[in-house]
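Work through the exercises below with the coordinates open. Try each task before reading its solution.

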Amino acid sequence: MSAIHPSELTFIIRHAPFDSMELEHVMWMLERMHLAYYAQGEIIASPEQGEATRMWVIKQGVVLGEQSVAKASDSDTWLELMEGECFPLGALLAKRRVASIYRAGSDTFCYELAAADFHTLLGMSAPFRDFCTRRIANLLEHSKHVIQAEFSHSSAEQQSLASPLSAIIRRAPVTCAPDTTVQAALEIMREQRIGSMVATDQQGHPLGILTLHDVLERVAIPQIDTAQAVINIMSTELSSLPPHALAHEAALLMARRGFRHVLVVEEHKLIGLLSEKDLFALQRVGLRQIGSTIRHADTPEVLQQAAADIRHMAHNMMAQGVAPEQLTQFISTFNDLLTARVVELECAAACPSGDPLHESICWMALGSEGRLEQTLKTDQDNAIIFKVPEGMTANQVREKLLPLARRINETLDRCGFPLCKGEIMASNPKWCLSREEWQEVFTKWVDSGAPESLLHATIFFDFRALYGAEYLVEQLRAWLTDHVRGNQRFLHQMAANSLRNRPPLGIVRDFIVGQGNTIDLKLNGITPFVDAARIFSLATGVGKTNTVQRLRASAAALRVPATEVEAWINAFLFIQMLRLRHHYEEASAQLPDGETRHLDNRIDPAQLNELDRRILKEAFRQARKVQAKLALDYQL
Amino acid sequence: MKRLLKRWFATPARLPPAQAARLAAWQDAAPAVLSTPFAQARYVVVDVETTGLNLLTDTLISIGAVAVVGGRISLADSFSVVLQQDRVSRRENILIHGISGTVQREGAPPADALLDFLAYLGKSPLVAFHAALDEAMIRRAMRQYLNLSFKHPWLDLAYLMPALYPALARNHRVLDDWTGRFGIHNAARHDALADAMVTAQLLQVALVQARLKHVPDFSALRDLEKSAAPGFPA
């Protein structure tokens, strides 16, 4: 007679969720469970074990969760699990590795249920399923940790200084024959945009190296005859390592010998060239470093490189578990810095400090950039506001500024911010206006309430000063806040317009998918929150442009409880995180073949894991609640 | 006394063919390999309840058993049986075991119960705490009802635990001392299956400690147990 002792049953049904499950399902589970013992200190589950293999229910003892993601500063997030608690539900739902190390804090006995049985039970028992997927806050937490673990895993593999050089060298080295002329060698370097040239013999053995750094001292200053053989001016004392040497060996070699390059040589043949820069790319690119690069950049090329660094760092930050709120602000901040530098360089050329326009123009960011919510997919949305100097007309100023704006737009395009298809750019004469002209345009939109006006309002009313005479923008903001605040008709129209876009949830709370079974995360997920936040802030006179800040700042005046607002914000940020991840995945999938990097916002919910899918549904439900609030306020 | 003599000297009844076939099947199975590493081995932890502690006069009431496979207890792989008694045990014993007279009379016929136990056990080595009592009771029942001389590898945790934890040996003697030390709760003391369960948990602890001490298998555990058993020259 096989027998499960009644005491096992009475133990298990004392604890959630088993207390609310049908007895039949609990028995089904018990029959498939094993009891395991873990001595104090023993690891029960860790990210290194790969996808979570089972659910543990603590029968007796204490299990401690330790953050496995190596954190520089805080040693926080200790999780203490006691008798009757289950783990790791998030990882099991998501079919991913656990995010923490689970360790027995005392002599511990755990019931174990295999992952396959866990999933069968999810399908079988509604109370169990609800328990595992219920609390969005918990789940968000899980999901965040799981994502962190995933990313830090991949970034650890990709970027460790423990990688072999063979994994780091990107392309075949550019070489020349030793008797190439100095002139020819330098031309190749310029054409190929490389910082160094290696001369090899016919067997591919390296003979000498010339770096850009050397050119100044060895070519330009001594004014040598550039028709001579390049080998004459090359360094022939070469530092080389085999391909299986590790990146940190290369770093040490460079540090010791003061070289900026290490040759990767296999059987005396040159197979790669590693620069100091390649190694820096392996380590976390420092914020300060990029910032200072941007501030001191004086050519578009340097800024282009900085734009690439920003994207690279965004990935790193995602790996380090930076929350989407900070991450989007970070991207926006650096994009600001970059844009400001582009504007600054062009302005310095077009209207030097003596020019009457020098102190009276301001470059404005609109749309997502205005809201500090940029992702890796960011079209340009910008405009210029100016003050008409005495003795000039607005048209004269505009005429002078438009070519400048066009150059700025084009440079930004080269830096990875594509031109706006809707022509919402400073180089469009419609959006290069004096303060008075802006006020006229805004007044027209507010008064007309036509669909196009409302659409413009959603983009332009998120304006923010980016470079130049910020006081002009402050004046415009103060004027707009005043002008719109009491205008119920306009706010009502904005609300009605925004409610046309409903979150894609069906009656049974399943997703309604559009083209190709996908959901547009931006249109269906982000926009309801952004729109509502804009209306709330306009209605309550909040001058902020950022969605999260707008929601927080206007909540009190709208009598929305803080917990409710935080639920909205969490939902909004979760969708942002999915977007960022989607962009990141798309960008990395497309990188190998080079050029085209068209990022979209469409995801197929069926491709999401169970956990993310459930949270996304919950997030859309929150979007509905935000819309319900709008509908209530404006009786729609 | 007459009754006792009859029990000891009566020729055991011949088993009906179906039962004989079950017994033969068990006897024919290959014996357990005692050098199987813990990670693959199956051990059966057993606890019996009896009418009393007298090996001569008292009889087996119930057997509870739990399998430890690769260090894990599979909840479904456990066994419990109450043997039909021709005489209900004394009142005080009923109080201890909580097996009422009705249940005792309603239990399974002893030969069937024991054959079920053998089928469950297979040739897996047996483990108990103070194994002598369990072993004696089971052996006698096997001889009486199945005419089987039940020789089986046994391991006694009452001796193994002090050998694995010399520092604890002095003040840990009975099962409750050890289970208390490792925080093992017993939901229903003096219930064969529940006692087998806590004993099995104690075996799980012992197996982890054995691995740390580089004791690889059952036969090595038995050597260790013997070194701690009474009468063994120190």
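Two strands pair if DSSP finds at least two bridges between them. This rule is used throughout the strand exercises. The model is predicted.

**Exercise 1. The hairpin in chain B**

Task: Find the strand that pairs with β2 (residues 60-69) of chain B, and give the sense of the pairing and the number of bridges.

Solution:
- Step 1. Start from β2(B). Its partner is β3(B), and the two run antiparallel.
- Step 2. Count the bridges. Seven of them join β2(B) to β3(B).
- Step 3. Check one pair. Ser62(B) has Val82(B) as its bridge partner in β3(B).
- Step 4. Look at the turn. Two residues lie between the strands of this hairpin, and Gly70(B) has a positive phi near 55°.
- Step 5. Place the hairpin in its chain. Chain B has 11 helices and five strands. Of its 234 residues, 39% count as buried. Among contacts in chain B between residues at least 6 apart in sequence, 70% join residues at least 24 apart.

**Exercise 2. Where the chains meet**

Task: Describe the side of chain A that touches chain B. Which element gives the largest share of that side?

Solution:
- Step 1. Count residues. Chain A brings 21 residues into contact with 23 residues of chain B.
- Step 2. Assign them to elements. α1 (6-12), α2 (23-31) and β1 (34-38) of chain A each supply at least two residues of this side.
- Step 3. Rank the shares. β1(A) gives the largest, with four residues.
- Step 4. Sort by class. The side of chain A that touches chain B holds 11 nonpolar, seven polar and three charged residues.
- Step 5. Test for strand pairing across the chains. β1(A) pairs with β3 (residues 72-82) of chain B in the antiparallel sense, over two bridges. His34(A) has Ser74(B) as its bridge partner.

**Exercise 3. Strand β8 of chain A**

Task: Is strand β8 (residues 108-114) of chain A largely enclosed or open? Then trace its pairing with β1(A) and with β3(A).

Solution:
- Step 1. Apply the cut-off: a residue is buried if 20 or more other C-beta atoms lie within 10 Å of its own.
- Step 2. Five of the seven residues of β8(A) are buried, so the strand is largely enclosed by the rest of the structure.
- Step 3. Take β1(A). It pairs with β8(A) in the antiparallel sense over five bridges. Here Tyr37(A) has Phe109(A) as its bridge partner.
- Step 4. Take β3 (residues 54-60) of chain A. Six bridges join it to β8(A), again antiparallel. Met55(A) stands opposite Leu113(A).

**Exercise 4. A mixed sheet**

Task: Give the strand order of the open sheet that contains β13(A), and name its edge strands.

Solution:
- Step 1. The order is β12-β13-β14 in chain A, and the pairing is mixed.
- Step 2. β12 (240-241) and β14 (269-275) of chain A are the edges, as each pairs on one side only.
- Step 3. β12(A) pairs with β13 (residues 261-266) of chain A in the parallel sense, over two bridges. Ser240(A) has Leu263(A) as its bridge partner.

**Exercise 5. Two helix pairs**

Task: Classify the packing of α16(A) with α17(A) and of α19(A) with α20(A).

Solution:
- Step 1. The axes of α16 (residues 435-448) and α17 (residues 451-460) of chain A come within 8 Å and cross at roughly 125°.
- Step 2. Angles over 145 degrees count as roughly antiparallel, and 65 to 115 as roughly perpendicular. α16(A) and α17(A) are therefore oblique to each other. Their crossing is left-handed.
- Step 3. List the contact. Lys444(A), Trp445(A) and Ser448(A) meet Ser453(A), His456(A) and Ala457(A). By class, that makes two nonpolar, three polar and one charged.
- Step 4. α19 (residues 488-499) and α20 (residues 521-540) of chain A pack at about 170°, with axes 10 Å apart. These helices are therefore roughly antiparallel to each other.
- Step 5. Residues in this contact include Leu491(A) and Met494(A) of α19(A), and Ile535(A) and Leu538(A) of α20(A). The contact has eight nonpolar, one polar and one charged residues.

**Exercise 6. One residue**

Task: Is Ala562(A) buried or exposed?

Solution:
- Step 1. Locate Ala562(A). The residue is in helix α22 (residues 562-590) of chain A.
- Step 2. Ala562(A) has 10 C-beta neighbours inside 10 Å, so it counts as exposed.
- Step 3. Compare sequence with space. Ala562(A) and Arg552(A) are 10 residues apart in sequence and 7.9 Å apart in space, C-alpha to C-alpha.

Methods:
Residues are numbered from 1 along each chain as its sequence is written. Chains are lettered from A and ligands numbered from 1 in the order in which they are written. This is a predicted model: local features need pLDDT of at least 70, side-chain atom pairs count only at pLDDT 80 or more; totals for chains, interfaces and linings use all residues. Two residues are in contact if their C-beta atoms, placed from the backbone, lie within 7 Å. Ala, Val, Leu, Ile, Met, Phe, Trp, Tyr, Cys and Pro count as nonpolar, Asp, Glu, Lys and Arg as charged, and the others, Gly among them, as polar. A residue is buried if 20 or more other C-beta atoms lie within 10 Å of its own, exposed if 12 or fewer, and partly exposed in between; C-beta atoms are placed from the backbone. Axes are lines fitted to C-alpha atoms, for helices over the stretch in contact, and angles run from 0 to 180 degrees between N-to-C directions. Angles under 35 degrees count as roughly parallel, over 145 as roughly antiparallel, 65 to 115 as roughly perpendicular and the rest as oblique. A crossing is left-handed if the near helix is turned anticlockwise from the far one by less than a right angle, and right-handed if clockwise.
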